[in-house]
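Open the model in your viewer and switch to a cartoon view. The tour goes from selection to selection.

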Amino acid sequence: SAKGGLGVSTVAVNLASSIASLHPSSRVAVADFGVPGGDTSILLNVRPPYTLGDLAQRLDQLDDELLNSVLTPAGNGLWVLAAAERPETSEEIDAGVISSVVSRLRSSFAFTVLDCEHQVNDRTLAALDTANRIILLTELQVPAMRSTQRTLGVFRRLGYPAEKLAVVVNRHGSGDVVSAAEAADVLKEQIFFTIPNDFKVVSDAGTAGVPVEVKAPDSRLAFAYRQLAQRLAGGTAPVSWSQARKNGQPTGIRKLFARKRN
């Protein structure tokens with residue numbers, strides 16, 4: 001996002017977790033490029049012994065073996081590249097470091113989600129240039145709309161193709177100031193996906209240090225993350241939250257027990 005407070009790290013962690021669930025035979029990474037410090041490790045309750053800063057200091061030795069030794073497993077096929085913690089690393093981590101790390105992640109993992117900084121600087125542009133898709137997170141509130149509008153303008157001037165961009169509305173709910181249709185008209189960009197607002201589920205999952213699909217697998221929010229993951233990374237996502245209940249289909253823990261009975 002072009003501004004803080006929109007839940008980028010939360011979405012990044014839950015998107016990566018959902019991709020891993022849809023592709024259980026593939027390795028998935030989430031890389032925290034917040035400099036200095038980020039929330040990815042906290043949201044997944046991991047204590048990484050190494051960070052992006054350690055890779056920056058040994059960039060000339062970067063290979064798959066070094067990369068895998070720096071990443072921290074978070075369970076269920078998900079791996080974390082933690083953000084550098086020391087403030088001085090902001091000078092050590094430049095666009096070249098980001099490009100090299102993303103290239104190595106691409107060769108080692110089937111899918112990688114990059115949690116980028118909010119400002120459009122050289123580091124962020126290096127990540128966006130090499131990404132297959134850019135998820136621009138926003139909310140249906142005036143300040144978020146304005147910052148998203150400005151960022152889309154930058155992306156268009158940079159020549160990013162329309163199919164690379166995906167505007168995703170986070171915390172979509174009845175209290176929104178504008179509708180998704182009005183937002184698309186203002187931004188001159190289609191809304192790719194909307195993530196429903198569920199503060200309690202997000203808060204409980206963050207406090208527990210687990211993805212939403214682990215803390216509340218039957219929630220509307222867990223379904224939304226799975227559907228977003230399917231649209232971006234393929235795989236078979238479940239039907240919608242409301243349709244699953246209408247059809248009486250088992251979900252979450254009930255689905256596990258159903259498989260055991262069968």
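**Stop one: the three-stranded sheet**

Select helix α12, residues 220-233: it lies across β5, β6 and β7, and runs at about 155 degrees to β7. Keep in mind that this is a predicted model.

Now select the strands beneath the tour's first helix. They form an open sheet in the order β5-β6-β7, with parallel pairing. β5 (134-138) and β7 (191-196) are the edge strands, each pairing on one side only. From one strand to the next, the twist averages 25 degrees.

Zoom in on β5 and β6 (residues 165-172). Five bridges pair them in the parallel sense. Pick Leu-137: Val-168 in β6 stands opposite. Then add helix α8, residues 142-157. α8 lies across β5 and β6, at about 155 degrees to β5.

**Stop two: the four-stranded sheet**

Select β2, β3, β1 and β4. In that order they make an open sheet with mixed pairing. The edges are β2 (72-73) and β4 (111-115). Inspect β1 (residues 28-32) and β3 (residues 78-81): the two run parallel, joined by four bridges. Pick Val-28 and find its bridge partner in β3, Leu-78.

**Stop three: a helix pair**

Select α6 (residues 95-108) and α7 (residues 122-130). Their axes are 8 Å apart, at an angle of about 30 degrees. Angles under 35 degrees count as roughly parallel, and α6 and α7 are therefore roughly parallel to each other. The crossing is right-handed.

Which residues of α6 and α7 meet? Show Ala-95, Ile-98, Ser-99, Val-102 and Arg-106 in α6, against Asp-122, Arg-123, Ala-126, Ala-127 and Thr-130 in α7. Color by type: five of these contact residues are nonpolar, two polar and three charged.

Terms used: Residues are numbered from 1 along each chain as its sequence is written. This is a predicted model: local features need pLDDT of at least 70, side-chain atom pairs count only at pLDDT 80 or more; totals for chains, interfaces and linings use all residues. Side-chain values use heavy atoms; hydrogens and water are left out. Axes are lines fitted to C-alpha atoms, for helices over the stretch in contact, and angles run from 0 to 180 degrees between N-to-C directions. Angles under 35 degrees count as roughly parallel, over 145 as roughly antiparallel, 65 to 115 as roughly perpendicular and the rest as oblique. A crossing is left-handed if the near helix is turned anticlockwise from the far one by less than a right angle, and right-handed if clockwise. Contact means heavy atoms within 4.5 Å. Ala, Val, Leu, Ile, Met, Phe, Trp, Tyr, Cys and Pro count as nonpolar, Asp, Glu, Lys and Arg as charged, and the others, Gly among them, as polar. Two strands pair if DSSP finds at least two bridges between them.
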